[in-house]
Amino acid sequence: MPDNQQHLPESSAQKASRKASSVHDVTAEKPPFGARFLTDEKDVWSQNAWDHVPPPEGQEEIIAASLARQKAAPVPEEDKLKYNEKPAKHWDNFYKMNADNFFRNRKWLHLEFPELVKAAEPEAGPMTVAEIGCGAGNAVFPLLTANKNPALKLHAYDYSSHAVKLVQTNPLYSSPPIGTIQAGVWDVTSSSLPPDVQPGSVDIILLIFVLSALHPHEWRNAISNIHQMLKPGGLVLLRDYGRHDMAQLRFKGGRLLDDNFYVRGDKTRVYFFELDELALLFSGAPAPQASKTETKTEVVEEYDDAPDSEGASPNHTPAPSRASPSPAPQAADNVATASSPTSLNAFVSRPHSPTFPFARIHPVLQQPSGDASLGAGGDVRHPLFSVERLGIDRRLIVNRKRQIKMYRVWMQGMFRKLIR
């Protein structure tokens, strides 16, 4: 036990277990956000992490100052091309510089995405799961290890050839206990699908900190390819960076490529999403109001194993809320579509906060997509997906030794390919 924890008083916050996922069924009247809640400020140093913590007093001023500082010293125009031209090369260098043991296995996947658990059950039958942006395999290998379904096929793709080599040299890759696994180099923004995947053949696609690594002008290509790969009714399970996350506010001058889009010191890129941007990307409409409602629940017994901080890589992130899997929701009937009264034009014309210098919704999402002919799918006309679950995972990560508070913001969602 750290020295500064030896004399902490007993409190209800010292043991708490999570009872629900970080996000919820958007049709639920009372979204069951279950987590570890900070109900007494004196307990703040008793845990490594607190969930769904509202921004502290003065946070808006901190955000505004950080964004203004970044806006005043962006990446020079002449340097932007080198960061955007060959992003796979920078990820190759990243994986070469970091041994595969740098990355933590995503053992939380089965808690946040119970659909993966169902796919791995013995009687699930033929199931195909593809992870796009697989990195060193820290999602697919925990899935493979837990798999009990002999008919489960796992595909792992990354546009970094070195990342794919890390997957292919893992002992589990050559000798999977049950099921099969296939890894290959593929860019989700390319004009064709992977050679080993037929259109409409994938049941579940996993996107963990992937869309944020793409240039905003590449998003529609990616969504088109993802849509083309999935079976009708297939699922996209997503987790990514959220707007005004601590990592965004920490960027200094010379890192800003575009509004909310940055280049890290290792030359990899990252975008920080708004909830509505993800909803617009997949469904063509803003996020359902239920996604923006957070309901606190009482603190119950909790695990004390959350890491203190996050590395630069999207593969090295703290686990989301430890949660008991909630039942998979049915298709969301009340999700707005591009033709519904909640139109895109009406939405993006809403005034933005004058406090922050960046656009709330990226301009690329304010352009009509119906005329586009992108990706292997050839068309991104909405609606393509329904929003099944979507929410913001806000957490206070605490470095107890250094008495530092870090406010994190992540987006998490599940989208279902519409049956036409």
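**Cores, a helix and salt bridges**

The buried residues of helix H7 pack against helix H3 (87–97), helix H6 (140–146), strand S3 (152–158), helix H8 (171–174) and strand S4 (180–185). The model shown here is a predicted one. Helix H7 itself spans residues 161–168, and its buried residues are Ala163, Val164, Leu166 and Val167. These four cover an arc of only 155 degrees around the axis, which means that they sit on the same side of H7.

Next come the nonpolar cores. The largest nonpolar core has 46 residues, and the members that touch the most other members are Leu207, Leu211, Met229 and Phe282. Several elements give two or more residues to this core: the strands are S2 (127–132), S5 (202–208), S6 (230–241), S8 (261–263), S10 (385–399) and S11 (404–417), and the helices are H9 (219–229) and H11 (275–283). Helix H11 gives the most, with six residues. Leu211 shows what such packing looks like for a single residue. Leaving aside residues up to four places away in sequence, Leu211 touches Trp219, Ala222, Ile223, Leu238, Asp240, Phe273, Leu278, Leu281 and Phe282. There is also a second, separate core of 39 residues, and among its members are Val167, Tyr173, Phe209 and Leu256. Val167 has already appeared above, as one of the buried residues of H7.

Charged side chains can be followed in a similar way. The structure holds 12 salt bridges. One of them joins Arg243 to Glu277, with the closest N and O atoms 2.7 Å apart. Arg243 lies in the loop between S6 and helix H10 (246–249), while Glu277 lies in helix H11, so this pair ties together parts that are 34 residues apart in sequence. Both Arg243 and Glu277 are buried.

Another salt bridge connects Glu274 with Arg360, and here the closest N and O atoms are 3.8 Å apart. Glu274 is in the loop between strand S9 (269–271) and H11, and Arg360 is in the loop between helix H12 (344–348) and S10, so the pair links distant parts of the chain, 86 residues apart. Glu274 has a relative accessible area of 18%, so it is buried, because the cut-off for buried is under 20%. Arg360, at 29% relative accessibility, counts as partly exposed.

A third pair is Glu388 and Arg416, whose side chains meet in a salt bridge at 3.6 Å, N to O. Glu388 belongs to strand S10 and Arg416 to strand S11, and the two residues are 28 residues apart. Glu388 is buried, at 0% relative accessibility, whereas Arg416 is partly exposed at 23%. Salt bridges also link Arg239, Asp393 and Arg395 in a network.

Two further residues complete the tour. Glu115 is placed in helix H5 (residues 114–119), and its relative accessible area of 6% makes it buried. The side chain of Glu115 makes a polar contact, at 2.9 Å, with the side chain of Arg389. Trp108 is found in the loop between H3 and helix H4 (109–112). Trp108 is also buried, with 4% relative accessibility. Its C-alpha atom is separated by 9.4 Å from that of Pro142, although the two residues are 34 residues apart along the chain.

Key. Residues are numbered from 1 along each chain as its sequence is written. This is a predicted model: local features need pLDDT of at least 70, side-chain atom pairs count only at pLDDT 80 or more; totals for chains, interfaces and linings use all residues. Side-chain values use heavy atoms; hydrogens and water are left out. Buried means under 20% relative accessible area, exposed over 50%, partly exposed in between (1.4 Å probe, protein chains only). The arc is that of the directions from the helix axis to the C-beta atoms. Contact means heavy atoms within 4.5 Å. A polar contact is a pair of N or O atoms within 3.5 Å; within protein, one must be able to donate a hydrogen and the other to accept it, and residues adjacent in sequence count only if both atoms are side-chain atoms. A nonpolar core is a set of buried Ala, Val, Leu, Ile, Met, Phe, Trp, Tyr and Cys residues joined through side-chain atoms within 4.5 Å. A salt bridge is a side-chain nitrogen of Lys or Arg within 4 Å of a carboxyl oxygen of Asp or Glu.
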